[in-house]
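Thanks, everyone, for making the time this morning. I would like to walk you through one model, beginning with the ligand and then turning to what the record says about the chain.

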Amino acid sequence: MKVTIVGAGNVGATCADVISYREIASEVVLVDIKEGFAEGKAMDIMQCATTTVFNTQVTGTTGDYSKTAGSDVVVITSGIPRKPGMTREELIGINAGIVKSVAENILVHSPEAIIVVVSNPMDTMTYLTLKATGLPKNRVIGMGGALDSSRFKYFLSKALDKPSNDVQGMVIGGHGDTTMIPLTRLASYNGAPVSNYLSQEELDKVAASTMVGGATLTGLLGTSAWYAPGASVAYLVDSILNNQKRMIACSVFLEGEYGQEDICMGVPCIIGRNGVEEIIDVKLNDTEKAAFAKSAEAVRAMNADLKSVL
Ligand SMILES: NC(=O)c1ccc[n+]([C@@H]2O[C@H](COP(=O)([O-])OP(=O)(O)OC[C@H]3O[C@@H](n4cnc5c(N)ncnc54)[C@H](O)[C@@H]3O)[C@@H](O)[C@H]2O)c1
Ligand SMILES: O=C(O)C[C@H](O)C(=O)O
C-alpha cells in the first residue's frame, strides 16, 4: 500500500514517521516545495529502520508528482501553520491556493486515491478539495475530529486522574477554537458516564480546554502542534488502508445528516478501505443540535470566502 504525504513539515514528517514505524503502509512518499527538504526528512526517517525496526520504504521529492503515482491514500498537510494569537481561519488566504493546486496535481498521478485533508482551516479546505476535484464524497476526508477527540480524552483523563485509554469520548462539529463540540454527555470512563465522577463545572472546564487545545499548544510552541496531529492522521490512514472500519470523527460532506447540507464538518464516520463508509447518528439532544447548527453557521461563513478560488 502506498501513501503520499504532501508537506514534509512538522505534521507531514511526523505522520510519515508514525506510518513507517508502525508499518501501516509499505511505501510512503513525502513531497515538499522546499528544495531537498522532503528528501532529507525521508532519509532521516529511513535511518531509523534498523533501530525501530521497520520495512516501510520512505522517499522524498521536491515537487515531482510522478513519484507519487498509484498512491492509495494522499495526505495534504502543505500550507502555513498559525502563530500564537492567530485563529486557524486566518490561514485561508494562503492555504486555499496551495491545497487546491496540490489536490489537482495529485489526481493526475493517483486518480483512485482517497484524500485526507489536514491543512487549516481544515473544514473549509476539505470542502474546497471536494468541490475543486469533483471526487465522490467518500474519498475526501478532513482530519480534525480524531485529534480533537484525543485531546478531549487527555483532558478527561487528567480530570478523572485515570488512564487516557480507559476514557471514551468524541468531538464533533467544526475544527475551530469556537466551533468544536466535545460531547461530554456521551463521554464515559469504561462505559460509565463521566458525569458520575465529574461535576458540571469540571466537565465544562474539560470541554473548554479541549476547544482551545490547539491554541494552547501554539502559544507554548510558537507554531502549531505536530506529534498528536501526525499520529491522528496515521490512525485515520490505518483505518482506511487496513479496512478497520473504526468510528472516527471526520470532516465529511453532509447531505442532510445532522441537519446540514453542502458543507464539510466533523461527524462520527465509519472509515474503511472505501474511505467514508457510513455516517453514524449518535442522537444529539436539543442543546447539542443547537451547538452543531451554530458551528455549521461559522463553517459556512468561512466557506463563502472560497469564492475567489472555486
Ligand atoms: N487538521 C488538523 O488537525 C491540523 C493539525 C495540525 C496542523 N494542521 C495544519 O497543517 C498545516 C501544516 O502544519 P505544519 O505544522 O506541518 O506546518 P509546517 O510549516 O511545518 O509544514 C508545512 C510544509 O508545507 C510545505 N508546502 C507549502 N506549500 C507547499 C506546496 N505547494 N507543495 C508542497 N509543499 C508545500 C512547506 O514547505 C512546509 O514544509 C497547517 O496548515 C496547520 O494549520 C492541521
Ligand atoms: O491549532 C492549530 O492551528 C493546528 C491544529 O489545527 C491543531 O488543532 O493542533
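Before anything else, please keep in mind that what you see is a predicted model. I will start with the backbone of Gly79, where an N or O atom lies 3.5 Å from an oxygen atom of ligand 1. A backbone N or O atom of Val11 lies 2.9 Å from an oxygen atom of ligand 1, while for Met143 the partner is a nitrogen atom of ligand 1, at 2.8 Å from a backbone N or O atom of that residue. As for coverage, ligand 1 has 860 Å² of accessible area on its own, and the protein covers 89% of this.

Where does ligand 1 sit? It is placed in the largest pocket, and the elements that contribute two or more residues to the shell around it are helix 1, residues 10-21, and helix 4, residues 92-109. Of these, helix 4 provides the largest share of the shell, namely three residues.

Taken as a whole, the surroundings of ligand 1 amount to 28 residues, with Asn10, Val11, Asp32, Ile80 and Met143 being the closest. If we sort that shell by class, we find 15 nonpolar residues, eleven polar ones and two charged ones.

Let me finish with the annotation, which I would treat with some care: an unreviewed UniProt entry assigns residues 147-300 to the domain "Lactate/malate dehydrogenase C-terminal". Over that stretch, residues 147-300, the chain in the model is 42% helix and 25% strand, and the C-alpha atoms at its two ends are 22 Å apart.

Notes
Residues are numbered from 1 along each chain as its sequence is written. Chains are lettered from A and ligands numbered from 1 in the order in which they are written. This is a predicted model: local features need pLDDT of at least 70, side-chain atom pairs count only at pLDDT 80 or more; totals for chains, interfaces and linings use all residues. Side-chain values use heavy atoms; hydrogens and water are left out. A residue is near a molecule or strand if one of its heavy atoms lies within 4 Å of it. A polar contact is a pair of N or O atoms within 3.5 Å; within protein, one must be able to donate a hydrogen and the other to accept it, and residues adjacent in sequence count only if both atoms are side-chain atoms. Accessible areas come from the Shrake-Rupley method with a 1.4 Å probe; for residues, only the protein chains shown count as cover. On a 1 Å grid over the protein atoms alone, a cavity is a set of points where a 1.4 Å probe fits but cannot get out, and a pocket is an open set with protein on both sides within 12 Å along at least five of seven lines; lining residues have an atom within 4 Å of a point. A molecule sits in a cavity or pocket if more than half of its atoms lie within 2 Å of its grid points. Helices (H or I, at least four residues) and strands (E, at least two) are DSSP runs, numbered from the N terminus. Ala, Val, Leu, Ile, Met, Phe, Trp, Tyr, Cys and Pro count as nonpolar, Asp, Glu, Lys and Arg as charged, and the others, Gly among them, as polar. UniProt positions are given in the numbering used here, feature names are shortened, and annotations may be inferred rather than shown by experiment.
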